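The following paragraphs explain how the parts of a protein model are arranged and how they meet. Please keep the sequence and the structure in view while reading.

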2 protein chains.
Amino acid sequence: MAERELLLLGLLRRENMHGYKLNEFIENDLAICTDLKKPTAYFLLDKMAKQGWIEQYDETQSGGRPPRRMFRITAAGESVFQDLLRARLKTFDPARFTADPALAFVDALDSAEAHALLSQRRAGLAAELDTMRAVPEHPGTFGFVIAHRIAHLEAELRWIDDVIAHLRAL
Amino acid sequence: MAERELLLLGLLRRENMHGYKLNEFIENDLAICTDLKKPTAYFLLDKMAKQGWIEQYDETQSGGRPPRRMFRITAAGESVFQDLLRARLKTFDPARFTADPALAFVDALDSAEAHALLSQRRAGLAAELDTMRAVPEHPGTFGFVIAHRIAHLEAELRWIDDVIAHLRAL
DNA sequence: TTTTCCATGTAACTCGTTACATGATTTC
DNA sequence: GAAATCATGTAACGAGTTACATGGAAAA
């Protein structure tokens with residue numbers, strides 16, 4: 001549903017950027033909510049430029065460095081951004097949990113091993129939750145993303161405790 | 001991480017099946033936790049047969065119907081299944097929410113529209129939660145999967161209410 | 001007799017990733 | 001002089017999907 005285009009347009013809307021900086025920002029600051037990779041970003045930037053959603057221009061640098069290929073969003077791109085944003089916000093689609101099929105097969109293991117594995121899982125989860133809680137307050141709406149992550153980690157923790165308790169009861 | 005192979009092996013472990021029935025079961029009963037498609041299933045079955053994880057045999061049918069291509073798991077396949085299951089259970093990896101980048105850009109909309117869109121989102125979410133709560137008790141460990149889904153839908157609902165409240169406060 | 005269900009597959013395509021390739025500049 | 005960082009890309013591959021293709025049997 002073009003989440004990646006939405007992300008790139010949203011970033012370019014705030015500030016004109018070149019590919020390298022865009023990638024750097026995504027890797028460093030946005031890793032929690034996206035996994036967009038460098039070649040994909042370059043590919044999408046070219047594609048969006050062809051579609052007229054963004055424009056390229058060269059920015060000459062000081063110190064004899066080669067010019068950077070900068071991107072700016074166009075009016076058409078802004079309109080696409082708004083449409084994508086609305087579409088993405090208005091409908092909820094449930095995430096899939098890749099471990100769910102495995103979980104349904106947990107009865108294939110003896111209960112001691114199942115318990116050990118799930119405890120390990122719980123530990124990783126708790127560690128991740130601690131990490132997220134330690135993240136400093138984020139400016140603006142990005143705080144929602146952190147809160148989102150924390151809410152689901154807490155739900156996951158309660159649920160795994162429930163699963164462990166149920167298995168123990170068998 | 002070979003979740004799909006794990007799923008197919010897990011099903012074949014319980015009962016020998018042919019491709020059609022496997023697909024039917026996945027589509028009808030397992031749609032909540034997987035989106036494995038028919039051509040993918042046939043492809044994986046062939047691949048796993050080549051690797052010796054499963055074996056094929058023809059089952060002649062009554063009524064002059066053509067024989068069905070049945071699959072059964074091998075000892076090697078059982079061992080792969082166990083390994084994949086353990087690997088998948090022991091580590092937790094956080095799900096990504098495709099709407100998160102969009103959410104971080106919610107300030108690009110005026111607050112009335114943002115509120116309207118998020119309310120629509122909330123309604124879809126609440127409907128999905130009702131559906132899940134109406135699912136009858138499931139036998140065995142599959143109940144965990146339903147409980148998992150419900151736990152996360154509830155977390156999502158609380159969080160979206162929080163987001164709406166915050167936006168209103170601006 | 002026409003539609004639906006059972007049953008099996010293939011071909012082409014899309015999307016995204018990994019790994020590779022290049023070169024200039026700045027820092028150690 | 002070597003290593004890291006800035007900066008931009010491409011080629012090959014892999015996984016999975018859509019759409020297509022086929023044919024027999026049962027039900028309407």
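Chain A and chain B bury about 6000 Å² between them, and carbon and sulfur atoms give 68% of that area. Buried area is the accessible area (1.4 Å probe) that two parts lose on being put together, summed over both. The contact draws on 62 residues from chain A and 62 residues from chain B, where contact means heavy atoms within 4.5 Å. On the side of chain A, Leu89(A), Phe92(A) and Phe105(A) lose the most area to chain B, together 13% of what that side buries.

The model is predicted: local features need pLDDT of at least 70 and side-chain atom pairs pLDDT 80 or more, while totals for chains, interfaces and linings use all residues. Residues are numbered from 1 along each chain as its sequence is written, chains are lettered from A and ligands numbered from 1 in the order in which they are written, and side-chain values use heavy atoms, with hydrogens and water left out.

How are the two chains related? A turn of 180° with a shift of 0.0 Å along the axis lays chain A on chain B with an RMSD of 0.0 Å, the superposition being by least squares on the C-alpha atoms of residues with pLDDT of at least 70 in both. That is the relation of a two-fold axis. Of the interface residues of chain A, 100% are also interface residues in chain B, so the copies meet through the same surface.

Helix α4 of chain A (residues 75-90) offers a way into this interface. Helices (H or I, at least four residues) and strands (E, at least two) are DSSP runs, numbered from the N terminus. The helix has 16 residues and spans 23 Å from its first C-alpha to its last, close to the 22 Å expected at 1.5 Å a residue; the expected span is 1.5 Å times one less than the number of residues. Its buried residues are Gly77(A), Val80(A), Phe81(A), Gln82(A), Leu84(A), Leu85(A), Arg88(A) and Leu89(A), buried meaning under 20% relative accessible area, exposed over 50%, and partly exposed in between (1.4 Å probe, protein chains only). An α-helix has 3.6 residues a turn, so residues three or four places apart point the same way. The cover over the buried residues of α4(A) comes from both chains, including α1 (3-14) and β3 (68-73) of chain A and α5 (100-104) and α6 (111-134) of chain B.

Gln82(A) illustrates this arrangement. This residue of helix α4 of chain A is buried, at a relative accessible area of 16%. Apart from its neighbours within four places in sequence, Gln82(A) contacts Arg13(A), Ala108(B) and Leu109(B).

Aromatic rings also take part. Over all chains there are two aromatic pairs, counted when the ring centres of Phe, Tyr or Trp (its six-membered ring) lie within 6.5 Å; planes under 30 degrees apart are stacked, over 60 edge-to-face, and the rest tilted. Phe81(A) and Phe105(B) form an edge-to-face pair, 5.7 Å centre to centre with 70° between the planes. Phe81(A) belongs to helix α4 of chain A and Phe105(B) to the loop between α5 and α6 of chain B, so this pair joins two chains. Both of these residues, Phe81(A) and Phe105(B), are buried. The rings of Phe105(A) and Phe81(B) likewise have centres 5.7 Å apart and planes at 70°, so that pair is edge-to-face.

Charged side chains add further links. Four salt bridges are counted between chain A and chain B, a salt bridge being a side-chain nitrogen of Lys or Arg within 4 Å of a carboxyl oxygen of Asp or Glu. Glu113(B) and Arg86(A) meet in a salt bridge at 2.2 Å, N to O.

The structure holds 30 salt bridges over all chains. Arg72(A) and Glu55(A) form one at 3.0 Å, N to O, linking strand β3 of chain A to strand β2 (residues 54-59) of chain A across 17 residues. Asp161(A) and Arg122(A) form another, with their closest N and O atoms 2.6 Å apart; Asp161(A) is in helix α7 (residues 142-169) of chain A and Arg122(A) in helix α6 of chain A, 39 residues apart. In chain B, Arg13(B) pairs with Glu78(B) in a salt bridge at 2.9 Å between the closest N and O atoms. Arg13(B) lies in helix α1 of chain B and Glu78(B) in helix α4 of chain B, so the pair ties together parts 65 residues apart in sequence.
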